[in-house]
Amino acid sequence: MRKLLNEWDREADGNTLYSIVRDLFPLCRSITGDGLRESFSYLGKYVDITLHEVPSGTRVFDWTVPREWNIRDAYIKNQRGERVVDFRSCNLHVLNYSVPVYAKMPLAELKQHIHTLPESPDWVPYRTSYYRDDWGFCMSHRQLSRLPDEEYEVCIDATLAAGHMTIGELRIQGRTNSEVIISAHSCHPSLCNDNLSGMAVATLLAQRLARLPLRYSYRFLWMPGTIGAIAWLALNESVVPRIKHGLVLSCLGDPGKFSYKRSRRGDSEIDQAVENLLFHSGREYQIFDFSPYGYDERQFCSPGFNLPVGCFMRTPNGRYPEYHTSADNLDFVTRDSLSESLRHLLEVVFILENNSRYLNLNPKCEPQLGRRGLYEQVGGKTQPRREEAMLWILNLSDGEHSLLDIAQRSGMPFPDLFSAAELLEEHRLLKKLEQ
Amino acid sequence: MRKLLNEWDREADGNTLYSIVRDLFPLCRSITGDGLRESFSYLGKYVDITLHEVPSGTRVFDWTVPREWNIRDAYIKNQRGERVVDFRSCNLHVLNYSVPVYAKMPLAELKQHIHTLPESPDWVPYRTSYYRDDWGFCMSHRQLSRLPDEEYEVCIDATLAAGHMTIGELRIQGRTNSEVIISAHSCHPSLCNDNLSGMAVATLLAQRLARLPLRYSYRFLWMPGTIGAIAWLALNESVVPRIKHGLVLSCLGDPGKFSYKRSRRGDSEIDQAVENLLFHSGREYQIFDFSPYGYDERQFCSPGFNLPVGCFMRTPNGRYPEYHTSADNLDFVTRDSLSESLRHLLEVVFILENNSRYLNLNPKCEPQLGRRGLYEQVGGKTQPRREEAMLWILNLSDGEHSLLDIAQRSGMPFPDLFSAAELLEEHRLLKKLEQ
Amino acid sequence: MRKLLNEWDREADGNTLYSIVRDLFPLCRSITGDGLRESFSYLGKYVDITLHEVPSGTRVFDWTVPREWNIRDAYIKNQRGERVVDFRSCNLHVLNYSVPVYAKMPLAELKQHIHTLPESPDWVPYRTSYYRDDWGFCMSHRQLSRLPDEEYEVCIDATLAAGHMTIGELRIQGRTNSEVIISAHSCHPSLCNDNLSGMAVATLLAQRLARLPLRYSYRFLWMPGTIGAIAWLALNESVVPRIKHGLVLSCLGDPGKFSYKRSRRGDSEIDQAVENLLFHSGREYQIFDFSPYGYDERQFCSPGFNLPVGCFMRTPNGRYPEYHTSADNLDFVTRDSLSESLRHLLEVVFILENNSRYLNLNPKCEPQLGRRGLYEQVGGKTQPRREEAMLWILNLSDGEHSLLDIAQRSGMPFPDLFSAAELLEEHRLLKKLEQ
């Protein structure tokens with residue numbers, strides 16, 4: 001596993017992640033349709049992704065998979081026949097899932113179908129209407145305010161018809177069938193941080209894990225938000241009992257500090273793992289308690305499942321002004337932020353893979369570390385860090401405490417404790433308990 | 001129940017509450033006697049109060065109901081026959097429960113029976129001697145210091161004889177026999193905040209509840225402090241197991257911020273209810289942990305009962321200089337403070353009446369709120385408050401969490417959650433669990 | 001027990017404690033040998049100490065008792081035959097447990113055996129090499145830097161041979177066989193705070209307890225650090241289940257504030273006792289959570305024992321610059337600090353001896369304290385402290401709470417509560433529960 005961490009290359013990985021985001025940016029994704037399908041196919045360049053097609057009309061718990069939406073073109077033309085709003089230049093211009101429309105109408109009527117952001121007058125908002133038949137355009141408030149009062153021709157050349165909803169999946173078999181799920185919602189059109197960043201980071205993470213012998217099996221899911229997660233859970237209920245840990249990935253490309261939103265349980269192993277990592281990162285970070293709004297942790301943490309799934313982000317949804325606007329573009333995410341996000345996730349995996357309970361084989365008093373060469377030879381000085389780690393592990397390895405529990409109580413970083421545990425195991429002072 | 005909150009009228013209720021305080025102020029109450037009896041009869045103008053008469057000598061746990069005390073007149077006359085201290089002008093002038101006395105004595109001897117407040121030289125203290133035969137006068141320190149050194153005639157025309165101790169009670173039958181008790185000590189003579197305010201607020205609260213269909217039965221108790229509560233508990237032990245919640249009311253008329261003293265249990269439902277209310281009041285407030293001194297929560301929370309009874313106040317006993325002095329008078333309490341106290345208590349009742357556990361009938365993933373018209377139609381914007389409330393309830397309604405538990409975890413005010421729960425119930429997404 | 005506290009004399013006890021430290025200072029202690037033996041014999045002037053001799057080679061858990069070390073003389077002579085380093089002037093000059101050596105060598109070679117403290121250039125460090133055959137000298141960095149580059153004669157006239165390790169012990173039989181252990185490591189040569197202070201304070205504490213009827217039996221242990229504690233535990237495993245509380249004493253003579261390091265359990269009775277004492281001391285103090293480095297609490301709190309043993313100190317090991325240097329000398333410790341440390345320990349014993357669970361014999365409502373003369377006669381004033389203590393005890397004496405639990409919840413000092421409990425017991429309002 002340590003190899004994994006060493007293989008990470010800040011610059012090269014940053015470039016790769018950014019290129020994935022850049023390549024996927026122009027595609028018009030939605031919760032169904034060819035844009036989504038093509039995005040997943042593109043990821044196939046990096047990982048062995050499997051596409052599942054769920055037919056429109058499929059009942060998934062309280063929901064129904066909607067008709068498939070595809071769009072070819074859309075515009076608003078003025079009286080001179082000029083496209084004043086053009087889908088081809090920015091796919092956010094169309095209310096996502098708009099029904100087809102072709103009509104001429106005066107400005108007043110048109111305005112009832114226009115969405116803008118008066119508080120950010122130069123940005124185009126991102127809006128959707130998946131479950132109510134509607135059509136609309138999104139544009140900058142400044143542009144709207146300058147439109148002359150005349151008749152306009154509006155066209156949305158879209159289809160909404162029986163088809164499928166596509167889910168991308170990759171399962172990596174580990175030594176055990178216990179699973180870690182990593183999920184990234186993939187339904188947003190040209191928005192970089194939310195969530196091309198999550199899609200890209202999940203992809204490279206999957207690529208790295210696929211090369212390695214692993215303790216857990218890992219299941220990566222690229223899915224439409226909400227309906228995708230609900231469908232996957234409905235269609236994979238038998239997998240649920242095997243899920244031991246999980247993370248939802250989103251907003252991993254902006255330059256903000258890292259954020260972690262705890263699982264509903266609040267103190268599950270994944271929560272401990274991410275918090276230990278961030279605590280010792282030497283950087284500012286934020287921890288949020290679970291709340292039932294946000295990303296697909298809403299579904300994984302619904303009371304009928306209550307899975308130990310948290311959400312790993314940099315600046316969270318709704319906390320940056322660019323969120324759900326045309327300003328969440330290729331300038332908003334950076335190579336370095338993406339790369340660091342990948343690094344942190346590799347470290348989380350390192351912790352999960354290596355977090356175990358051990359048994360101190362000499363539980364009465366300390367074993368003599370000195371004669372095994374594990375202890376400073378000349379006594380009387382301040383205790384070095386490695387000795388502290390060994391003593392903490394020996395003291396708390398009563399079968400009750402995992403390495404992460406010991407990390408929490410000792411205030412030490414997980415990797416230091418893990419190295420010390422390996423050393424103690426080598427010297428037959430410690431025995432790893434079967435999981 | 002919402003009707004109840006709407007009927008509250010800040011100004012009219014403030015006026016009524018103040019008029020009760022004003023009318024009761026001149027009566028010389030004590031733990032027994034006609035002043036107490038008349039005060040309860042006066043409350044009969046507003047509520048259907050029942051008077052219980054407990055005979056002197058009745059054993060109540062470790063205590064005995066004392067002889068009944070009544071007083072007609074009392075004074076200290078100087079050599080010119082002038083009343084320098086006159087019970088008729090302020091009933092605090094007499095040590096409450098003084099034995100009768102008629103004597104002439106020099107100032108030095110008299111002084112052994114005089115109580116003053118040197119630190120507040122213009123105020124008359126309130127002092128009692130219920131259980132040791134004694135007599136005395138209370139006066140301002142300034143007045144005492146100016147009394148010439150001469151002989152004085154002292155007279156306390158009181159009787160201390162077998163009789164009764166009076167307790168006022170009103171029970172309102174609800175749908176269940178589970179009870180909420182509201183108690184206000186009523187034994188203090190001319191003191192407004194402590195505790196005419198509590199007596200008055202309890203009275204109007206009872207008046208409002210009596211009009212309504214209720215879940216709980218409510219028992220209002222106006223009683224002499226300590227001995228009254230002890231007697232009531234001794235004579236009503238069979239009621240005790242039905243008491244689910246309770247509040248002691250006191251000091252509700254001063255302009256200070258609200259205070260709540262938790263029950264001995266510290267985390268009972270009444271504690272959660274009052275704390276949720278105060279937390280969301282948008283105003284400063286104070287929470288105190290239980291301590292075994294204060295008002296009749298001492299008895300309700302004695303270890304043999306350990307009832308979930310807290311104490312609701314504005315400025316607590318002993319924390320304002322006017323406490324137990326003649327300055328706790330009609331100027332110290334305000335109509336608006338009294339009225340707001342009533343309002344807060346109506347809101348506490350609202351919470352108790354509506355706090356339930358619910359079961360999410362779609363526990364696996366979220367139900368589709370949108371197709372039921374419960375969700376913002378155009379997606380992509382910030383979550384509105386009502387949706388947050390619904391999501392919290394759905395997420396935590398696993399049968400373990402009451403609405404108050406959900407309020408605590410979500411940080412939302414109870415009424416918002418209750419409205420959301422009603423809506424979800426209407427839409428058959430939630431089922432209220434039997435209590 | 002109160003007598004015990006009254007007999008403490010700040011000045012006289014300070015003088016005695018300091019004289020013990022002063023008399024023991026010159027002896028060259030180690031984990032074995034005559035210096036250790038003589039030190040324990042000296043303590044026999046004050047207490048009836050028993051010396052146990054554990055043979056070299058004895059297996060004690062994972063350890064083996066080492067050969068006995070004795071030293072007669074040691075020096076470094078320059079070319080003019082002058083002793084530039086002389087064991088006779090300061091026994092820290094020799095690496096403790098050095099093998100014998102006699103040789104001539106140039107400065108460069110000698111330097112490989114010299115330990116100094118560059119950051120404190122005038123102090124001689126204290127260094128040991130118990131378990132690896134080595135020899136060495138410790139000296140001030142300044143002196144080392146001035147040594148001319150010439151040939152030196154080095155001599156360590158020591159023996160390392162089969163012998164014994166000595167442990168000093170005193171057991172005081174109380175009414176029960178439940179034990180409190182008090183341990184002080186005794187293996188350091190001329191170092192005053194660490195740990196002649198602990199040895200001396202333990203001695204006077206034992207002397208005082210030996211005179212008294214006690215509830216617990218007390219076992220005092222003066223032992224070499226680590227190997228001594230390990231040997232004692234290995235040879236006395238049958239005693240372990242009787243140990244109810246324990247303290248390791250160290251660093252009790254410096255003028256710093258008091259420190260307490262909690263037992264591994266973190267909330268044992270000894271932890272509560274010391275924390276209550278320090279909280280109400282009116283002085284600054286520090287509490288540390290358990291960590292598996294420090295003194296012999298490491299062994300007592302190893303997972304196979306997990307005894308409720310904390311460590312009582314003034315400035316902890318490693319947190320003062322004089323630690324483990326020649327500056328931890330007779331100037332560093334003060335009579336007053338030593339005396340106060342003894343006083344605090346007497347108070348801890350007072351708490352342990354008197355901490356009990358009681359049963360309120362009138363659990364329903366308060367008993368009438370007034371008619372028993374336990375309550376202020378004239379009502380209406382602020383509650384005095386003694387009444388508060390009685391009310392807390394009555395309220396919480398439901399069989400679940402010890403006096404220390406009540407102290408914690410009420411925020412009152414233990415002695416006030418104990419006095420109140422005695423009074424309530426006298427009046428048959430409270431019954432002490434069998435332990």
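**Figure 1. Arg371(B) reaches over to Asp62(A) in this predicted model.** The two residues form a salt bridge, and their closest N and O atoms sit 2.8 Å apart. Zoom out a little and you have the interface of chain B and chain A, where 5 salt bridges turn up. Chain B puts 26 residues into this contact, and chain A puts in 29. Together chain B and chain A bury about 2,400 Å² between them, with 49% of that area on carbon and sulfur atoms.

**Figure 2. Asp62(B) pairs with Arg371(C) where chain B meets chain C.** Here the side chains of Arg371(C) and Asp62(B) join in a salt bridge, 2.8 Å from N to O. Between chain B and chain C the count is 5 salt bridges. On the chain B side 29 residues take part in the contact, and on the chain C side 26 residues do. The area that chain B and chain C bury between them is about 2,400 Å², and carbon and sulfur atoms carry 49% of it. Which residues of chain B lose the most area to chain C? They are Asp62(B), Arg264(B) and Tyr293(B), which together make up 27% of what that side buries. So if you're looking at Asp62(B), you're looking at a residue with a salt bridge to Arg371(C) and a place among those that lose the most area to chain C.

**Figure 3. A salt bridge ties two loops of chain A together.** Arg262(A) and Asp289(A) meet through their side chains, at 2.8 Å from N to O. The pair links distant parts of the chain, 27 residues apart. Arg262(A) is in the loop between strand 14 (258-261) and helix 8 of chain A, while Asp289(A) is in the loop between strand 15 (285-288) and helix 9 (297-300) of chain A. For the bigger picture, the count over all chains comes to 102 salt bridges.

**Figure 4. Helix 8 and helix 10 of chain A cross at an angle of about 125°.** Helix 8 covers residues 269-279 and helix 10 covers residues 335-354, and their axes are 9 Å apart. An angle over 145 degrees would count as roughly antiparallel and one of 65 to 115 as roughly perpendicular, so these two helices of chain A are oblique to each other. Their crossing is right-handed. From helix 8 of chain A come Ile270(A), Ala273(A), Val274(A), Leu277(A) and Leu278(A), and they meet His344(A), Glu347(A), Val348(A), Ile351(A) and Leu352(A) of helix 10. Sorted by class, this contact has 8 nonpolar, 1 polar and 1 charged residues.

**Figure 5. Helix 11 and helix 13 of chain B pack at about 75°.** The helices run over residues 385-396 and residues 414-426, with 9 Å between their axes. Helix 11 of chain B and helix 13 of chain B are therefore roughly perpendicular to each other. Helix 11 contributes Arg385(B), Arg386(B), Ala389(B), Met390(B), Trp392(B), Ile393(B) and Leu394(B), and helix 13 answers with Asp416(B), Leu417(B), Ala420(B), Ala421(B), Leu423(B) and Leu424(B). The tally by class is 10 nonpolar, no polar and 3 charged residues.

**Figure 6. Helix 8 of chain C meets helix 12 of chain C at about 45°.** These are residues 269-279 and residues 403-410, and the axes lie 10 Å apart. Helix 8 of chain C and helix 12 of chain C are therefore oblique to each other, and the crossing is left-handed. Glu269(C), Gln272(C), Ala273(C) and Asn276(C) of helix 8 make the contact with Leu404(C), Asp405(C), Ala407(C) and Gln408(C) of helix 12. What's the mix of classes in the contact of helix 8 of chain C with helix 12 of chain C? There are 3 nonpolar, 3 polar and 2 charged residues.

**Figure 7. Some backbone oddities, with cis peptide bonds in chain A and chain B.** Most residues other than glycine have a negative phi, and most peptide bonds are trans. Asp194(A) and Asn195(A) are joined by a cis peptide bond with omega of about 15°, and Asn195(A) belongs to helix 6 (residues 192-209) of chain A. In chain B the bond from Asp194(B) to Asn195(B) is cis, with omega near 20°, and Asn195(B) is in helix 6 (residues 192-210) of that chain. Thr226(A) isn't a glycine, yet it has a positive phi of about 60°. Look for Thr226(A) in the loop between strand 12 (217-223) and helix 7 (227-235) of chain A.

Conventions: Residues are numbered from 1 along each chain as its sequence is written. Chains are lettered from A and ligands numbered from 1 in the order in which they are written. This is a predicted model: local features need pLDDT of at least 70, side-chain atom pairs count only at pLDDT 80 or more; totals for chains, interfaces and linings use all residues. Side-chain values use heavy atoms; hydrogens and water are left out. Axes are lines fitted to C-alpha atoms, for helices over the stretch in contact, and angles run from 0 to 180 degrees between N-to-C directions. Helices (H or I, at least four residues) and strands (E, at least two) are DSSP runs, numbered from the N terminus. Angles under 35 degrees count as roughly parallel, over 145 as roughly antiparallel, 65 to 115 as roughly perpendicular and the rest as oblique. A crossing is left-handed if the near helix is turned anticlockwise from the far one by less than a right angle, and right-handed if clockwise. Contact means heavy atoms within 4.5 Å. Ala, Val, Leu, Ile, Met, Phe, Trp, Tyr, Cys and Pro count as nonpolar, Asp, Glu, Lys and Arg as charged, and the others, Gly among them, as polar. Buried area is the accessible area (1.4 Å probe) that two parts lose on being put together, summed over both. A salt bridge is a side-chain nitrogen of Lys or Arg within 4 Å of a carboxyl oxygen of Asp or Glu.
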